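Could you walk me through this fold, from the overall layout down to a few side chains? I'd like to follow how the pieces fit together.

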Amino acid sequence: MFHNTLLPVGVLTSLLTTIFTAAAQTVRDAQVSAIRLTIAETVLATNSQLSDRPGLLLKEMNWHAQLNDRSWSLTMTGFAETGRIEIGFGGFLWGSDTEDWIVTYAGAGQVAGEPIEINGKLDWPFDKPSSDRLKANFKQVAKFGKNSTWAWIVGTEVIVGGALGGGAAVLVSAAAPPAAIVLGLAGALTGANAAVTVSNAVRSAIDADRPTAPPAAPPEPSPGKDERLLPKDGILYAAVARDGNVVGSGSAARYILTGTAQVGYMSGRLTRQ
């Protein structure tokens, strides 16, 4: 039975995912890219759900992850005005190189003395005609406290780059806020090879005494040419460049994600603007 509706609907997220790969990239490299994207999206999605929690003003958030081409773990630690935040995650990528990939994960921890449980998955369907992955679907649900406030994020992702025949130019800059990503969706690949996710997001939460159904998936996004992405309300994006640079922004445009990705490891922080 539903009660005390905090916000009217579930969280809807429309995500554009751009994966640019060098010709020599292996299946293992692609799997690592998929897991890195999942980790970055999980950090940003969780931070968005936390920042929407009434009375929970986030002051600091750090994150670090360990990964290989199949499994990963993530820890988010930080502080709100009302107490400490610590959430741990674990996930796994399922499927062979010619099958659909499914990255599933679960997390749990404490948010200012209140328990939180998180479950999510990212689907990467295999497109047989192109022998590639052209689309993806993202879902994450968070349960806050013993009285069960449920927050959903649902996304529909389009993978471009190789599908355009010429790759794309990607420039990732995180030297100073505001963080920015420039996407050129035509021509030869220049700058750093990168994986990029962009989300048009509507967020909300519902009080219920049992799990709520997820909202309907949003329509696929339509990427623009030479688009410059800046922190903006309703937009969630993340980028992981080949040189290890990680940058992104939460959908409320209040937080900037920065960090680094190395072999088997990622780490960074979220900074309130």
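Before we get to the hairpins, one piece of vocabulary: two strands count as paired if DSSP finds at least two bridges between them. Keep in mind as well that what you're looking at is a predicted model.

Let's start with the hairpin made by strand 14 and strand 15, which has three residues between the two strands. In the turn, Gly244 has a positive phi of about 95°. Strand 14 covers residues 235-241, and its pairing with strand 15 is antiparallel, over four bridges. If you want a spot to look at, go to Ala239, whose bridge partner in strand 15 is Val247. Strand 15 also pairs with strand 16 (residues 255-262), again in the antiparallel sense, this time over five bridges. Here Val246 sits opposite Gly259 of strand 16. How enclosed is strand 15 (residues 245-249) by the rest of the structure? Four of its five residues are buried, so the rest of the structure largely encloses this strand.

Now zoom out. The protein chain's secondary structure comes to one helix and 17 strands. Of its 273 residues, 51% count as buried. Take the contacts between residues at least 6 apart in sequence: 60% of them join residues at least 24 apart. As for the surface, the chain exposes about 11,900 Å², with carbon and sulfur atoms supplying 54% of that area.

The helix is a good next stop. Helix 1 runs over residues 27-51. Does its length hold up against a back-of-the-envelope estimate, or what do we get at 1.5 Å a residue? The 25 residues should span 36 Å, and the end C-alpha atoms are indeed 36 Å apart, so the two values agree. Helix 1 is also well covered: 21 of its 25 residues are buried, so the rest of the structure largely encloses it. Three of its residues show what that looks like up close.

Take Thr38 in helix 1. Its relative accessibility is 0%, and since buried means under 20%, Thr38 counts as buried. A polar atom of the Thr38 side chain lies 2.9 Å from the backbone oxygen of Ala34. What does Thr38 touch once its neighbours within four places in sequence are left aside? Its contacts are Trp72, Val103, Tyr105, Leu122 and Trp124.

Leu37, also in helix 1, counts as buried because its relative accessibility is 1%. The C-alpha atoms of Leu37 and Leu122 are separated by 9.5 Å, although the two residues are 85 apart along the chain.

Further along helix 1 we reach Gln49. Is Gln49 buried or exposed? With a relative accessible area of 5%, Gln49 is buried. Its side chain has polar company, though. A polar contact of 2.8 Å joins it to the side chain of Gln140, and one of its polar atoms lies 3.1 Å from the backbone oxygen of Ala151.

Val103 and Tyr105, both among the contacts of Thr38, lead us to strand 5 (residues 101-111), where they belong to the covered face. That face also includes Trp101, Gly107, Gly109 and Val111. On the uncovered face you'll find Ile102, Thr104, Ala106, Ala108 and Gln110.

Strand 5 has a partner in strand 4 (residues 83-94): the two run antiparallel and are joined by ten bridges. Within that pairing, Gly91 stands opposite Tyr105. The two strands form a hairpin with six residues between them, and Gly95 in the turn has a positive phi of about 115°.

Strand 5 is also joined to strand 6 (residues 114-124), by eleven bridges and again antiparallel. Ala108, from the uncovered face of strand 5, stands opposite Glu117 in strand 6. This pair makes a hairpin too, with two residues in between; in its turn, Ala112 has a positive phi of about 50°.

Last, the aromatics. A search of the whole structure turns up three aromatic pairs. Which residues form a cluster? Trp72, Phe89 and Tyr105 make up one aromatic cluster. Trp72 and Tyr105 should ring a bell, since both are in contact with Thr38 of helix 1, and Tyr105 is also the residue of strand 5 that stands opposite Gly91.

Key:
Residues numbered from 1 in each chain as written. Predicted model: local features only at pLDDT ≥ 70, side-chain atom pairs only at ≥ 80, totals over all residues. Heavy atoms only, no water. Buried < 20%, exposed > 50% of the residue type's maximum accessible area, 1.4 Å probe, protein only. Polar contact = N/O pair within 3.5 Å; in protein donor to acceptor, adjacent residues only side chain to side chain. Phe/Tyr/Trp six-rings, centres within 6.5 Å; stacked < 30°, edge-to-face > 60°. Contact = heavy atoms within 4.5 Å. Areas by Shrake-Rupley, 256 points an atom, 1.4 Å probe, with all protein chains shown as cover. Expected span 1.5 Å × (residues − 1).
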